[in-house]
Amino acid sequence: MSIDSELRTLELEETVDELERLREEDRRRANAMLRVLTDLRHEKRLLQHEAQIRDRAERQLRAVIESAPNAMIMIDANGAIILVNRAAESVFQYAREEMIGQPIENLIPPRFRPDHPEKRQRFFRNPQTMLIGQGRTLYGRRKNGEDFVVEIGLNPIEMDDGLYVLSSIIDVTARKYAQESTARLAAIVESSHDAILTESLDGVIQSWNRGAERMYGYLAHDVVGRNVAIIVPPDLRDEKRKVLEMAGGGQTIQTLETQRRCMDGRIIDVAISASPLLDHDQNVVGVSVIARDITQRKKSERILAQYAADLERSNRELEQFAYVASHDLKEPLRMVGSYTSLLAEEFSGKLGPDADRYITYASDAARRMSVLIDDLLDFSRVGRTDAPFELVKLADVCNQVVGDLQVRIEELGAVIEIMPGLPLIRGSATRLRQLFQNLLSNALKFRHPQRPPQIRISAELADQWEIRVTDNGIGIDKEFYERIFQLFQRLHTINEYPGTGIGLAVCKKIIEQHGGSIRVESEPGTSSCFIISLPPIGYASTVAAAAGTSDVDWGL
């Protein structure tokens, strides 16, 4: 082998070695590239997985925010709204398209807007989760311009593109008003002069206001937690137990008059009201009791009742006395009258003119005294001897009275009109006839000297029946309107107008017996109108009603 051949062989071997080296290097590069591609594929898969996780988390976050019961609003560092939920639309009354991209200051009242950006920026410089609105009042502004009270929770959220703040906003207007109302109610309860306390269903005192302290003498810290029996007299504890049972059953007790015992042992009269206390599920959990001290009122009532009883007894005694005295006086008076008549018959003209005049005076006085006694008897009998009330047609009564007075009516040329519509009244026919007899007789007696009497009887119904007896007589001065209904009150001399001054007092007593009233209106020298007010049938008056009669509203 030649040297050249050996050299070529060596070159070929070197070339082969170089090729092997290059091939090995290419293989290593290929493996390296394969590993890089594999790593890239893995990283891509990881990135895709992370993106999916982030996308799912974002969707879940948006779903949570969207379904949250509170208004949720997210803003960026510039204060622009980037996310709102349905509750925010409802609370602020904007559609979300109207809020997205707008500054958060649009949702607060204008008076707070100038200072808000600086406060927002301060929060972004030092973000931390916090609740604001407790201890001070924050306001939101609805689309319609209405301000409302809110509490706000601030939650900073760090994202790839920066810091955001998610706000949870609660409309606490109703709660705040309820708190204020509760505070006002508590102040009212505390300042009330009435005793106001609450008890559990087993009678344990749970609250006790200042009124209770003043009324019973116990301070709140002395009685809260103790049984209410400490203020209930032993003989009334069954009553108290029944009150608790009734209130525990949901009933309200209105104005029960009872008694309570004070710390110093005094027993006081109280009027209590008890109401059930309900929880949020409308279950009765206790009883609220309001008590008012009526000791003085009860004392006054007892005094008045005694006065009334004494007055009633005195009136009965006076009526009995008047009746007996009048009755017993009639017999000797008849004797006086008889003997003066005999003197007048036997000795008239025989004893001289003075004696005749004295006998005449005595006879006249005896007659007047007889009339007076009859009137007194009549007055005392009103309400004492009457039969039970019955239905009475006033038209019939008035027609009977006019018939009784017919002779006098014709003598005077009087005209009496009984207008249609006089009512049916529950009362005493005898007394009502006496009433109209007196009124019509007076109208005829106190006639005007220059014209014949004209009398009208009419009625109209308002709250009560008003029956009017109107005449065209001499009238009555206003100053005597009350006086004429008193016993023995006369406005004229006996020579001018005879009478005893009892007739209108009898009228007043009859009307009051029927649960009504009588008054007069008059123009002196022109007319008088006596107005009788009587309750209609069916009215729950104090007058006695006849059994078995039906209620009818009209007579004629």
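# Salt bridges, a five-strand sheet and some surface spots

Lysine 143 and glutamate 98 bring their side chains together in a salt bridge, with 2.9 Å from N to O. This contact links distant parts of the chain: lysine 143 sits in the loop between strand 4 (138–141) and strand 5 (147–159), glutamate 98 sits in helix 3 (residues 96–99), and the two are 45 residues apart. Keep in mind that you're looking at a predicted model. Searching the whole structure turns up 25 salt bridges, and a few of them get a closer look below, followed by a sheet, a helix and some surface features.

**Salt bridges across the chain**

- Back to the opening pair: how buried or exposed are its two ends? Lysine 143 has a relative accessible area of 45%, and glutamate 98 has one of 37%. Buried would need under 20% and exposed over 50%, so both residues land in the partly exposed class.
- Glutamate 417 and arginine 456 also meet through their side chains in a salt bridge, this time at 3.4 Å from N to O. Glutamate 417 belongs to strand 13 (residues 415–418) and arginine 456 to strand 15 (residues 454–461), so this pair ties together parts that lie 39 residues apart in sequence.
- Both ends of that pair are partly exposed: glutamate 417 has 36% relative accessible area, and arginine 456 comes in at 39%.
- As background, oppositely charged side chains can pair when their charged atoms come close.

**Salt bridges within a helix, and a network**

- The side chains of lysine 508 and glutamate 512 form a salt bridge at 2.6 Å, N to O. What separates these two along helix 14 (residues 503–513)? They are 4 residues apart, which means a spacing of about one helical turn.
- Lysine 508 is partly exposed at 31% relative accessible area, and glutamate 512 is partly exposed too, at 45%.
- If you like clusters, have a look at Glu257, Arg297, Lys298 and Glu301, which are linked in a network of salt bridges.

**The five-strand sheet**

- Strands 13, 15, 16, 18 and 17 line up in the order 13-15-16-18-17, making an open sheet of 5 strands with mixed pairing.
- Which strands sit at the edges? Strand 13 and strand 17 (517–523) do, each pairing on one side only.
- On average, neighbouring strands in this sheet are turned by 15° against each other, direction ignored.
- One edge strand, strand 13, is home to glutamate 417, and strand 15 holds arginine 456, the partners in the 3.4 Å salt bridge described above.
- In general, strands of a sheet pair through backbone hydrogen bonds, and they can do so parallel or antiparallel.

**Strand 18 and its neighbours**

- Strand 18 (residues 527–534) pairs with strand 16 (residues 465–471) in the antiparallel sense, over 7 bridges.
- To find that pairing by residue, start from threonine 470, whose bridge partner in strand 18 is cysteine 529. Glutamate 466 stands opposite serine 533 of strand 18.
- Strand 17 and strand 18 also run antiparallel, joined by 7 bridges. Here valine 520 stands opposite phenylalanine 530 in strand 18.
- Strands 17 and 18 make a hairpin with 3 residues between them, and glycine 525 in the turn has a positive phi of about 80°.
- How much of strand 18 is buried? It's mostly covered, with 7 of its 8 residues buried.

**A helix with a buried face**

- In helix 11 (residues 394–404), the buried residues are Leu394, Ala395, Val397, Cys398, Val401 and Val402.
- Looking down the axis of helix 11, you'd find these buried residues within an arc of 160°, so they line one face of the helix.

**Out on the surface**

- Ile3, Leu7 and Leu10 form a nonpolar surface patch, with about 310 Å² of accessible area together. Leucine 7 is part of helix 1 (residues 3–67) and is partly exposed at 45% relative accessibility.
- Proline 69 lies in the loop between helix 1 and strand 1 (71–75). With a relative accessible area of 77%, proline 69 counts as exposed.
- Where does proline 69 lie relative to isoleucine 170? The two are 101 residues apart in sequence, while their C-alpha atoms are 9.0 Å apart in space.

Conventions:
Residues are numbered from 1 along each chain as its sequence is written. This is a predicted model: local features need pLDDT of at least 70, side-chain atom pairs count only at pLDDT 80 or more; totals for chains, interfaces and linings use all residues. Side-chain values use heavy atoms; hydrogens and water are left out. A salt bridge is a side-chain nitrogen of Lys or Arg within 4 Å of a carboxyl oxygen of Asp or Glu. Buried means under 20% relative accessible area, exposed over 50%, partly exposed in between (1.4 Å probe, protein chains only). Two strands pair if DSSP finds at least two bridges between them. Axes are lines fitted to C-alpha atoms, for helices over the stretch in contact, and angles run from 0 to 180 degrees between N-to-C directions. Patches are made of residues with over 30% relative accessible area and no salt bridge: like charges are joined within 9 Å, nonpolar side chains (Val, Leu, Ile, Met, Phe, Trp, Tyr) within 5 Å. Accessible areas come from the Shrake-Rupley method with a 1.4 Å probe; for residues, only the protein chains shown count as cover. The arc is that of the directions from the helix axis to the C-beta atoms.
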